[in-house]
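Got the viewer open? Let's take a short walk, one selection at a time.

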Amino acid sequence: MKVGTRIIYEENSKNVVTVLHRMEGDVAERSNESLVFVDIPFDEFDPITHLIRGIDSDGKAIIDAIPLQETDEQKRIRELEDTLLIQTDNEIGGIL
């Protein structure tokens with residue numbers, strides 16, 4: 001099945017909840033159930049370093065941390081920054 005654009009909205013107020021574009025394959029069919037939602041407090045998780053896996057049986061969001069692997073370039077930059085900080089600390093006499 002292919003869907004060009006799917007707009008999810010609240011039935012009574014007609015407020016748009018989300019817009020999904022260009023879905024292809026096993027696209028979930030909608031039933032007549034009303035939409036429900038879970039609010040996550042502001043700044044509780046970082047969407048760059050965490051992933052919402054789903055909703056548990058109690059209606060709470062399942063949030064997992066994304067394991068970030070440091071690249072060789074990032075590791076080298078961190079080592080150079082550490083070396084520079086140690087040199088500056090030795091020369092000036094204790095800024096750390």
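Start by selecting Tyr-9, which sits in strand S1; strands here are DSSP runs of E with at least two residues, helices are runs of H or I with at least four, and both are numbered from the N terminus. This is a predicted model, where local features need pLDDT of at least 70, side-chain atom pairs count only at pLDDT 80 or more, and totals for chains, interfaces and linings use all residues. Residues are numbered from 1 along each chain as its sequence is written, and side-chain values use heavy atoms, with hydrogens and water left out.

Is Tyr-9 buried or exposed? Neither: it counts as partly exposed because its relative accessibility is 41% (buried is under 20%, exposed over 50%, partly exposed in between, with a 1.4 Å probe and protein chains only).

Now zoom out to the whole chain. You'll find 1 helix and 4 strands, in the order β-β-β-β-α along the sequence. Of its 96 residues, just 3% count as buried. Among contacts (heavy atoms within 4.5 Å) between residues at least 6 apart in sequence, 8% join residues at least 24 apart.

Last stop: select residues 72-92, helix H1. Its 21 residues should span 30 Å at 1.5 Å a residue (1.5 Å times one less than the number of residues), and its end C-alpha atoms are 30 Å apart, so the two agree. Step on to Gly-93, which follows H1 and has a positive phi, near 100 degrees.
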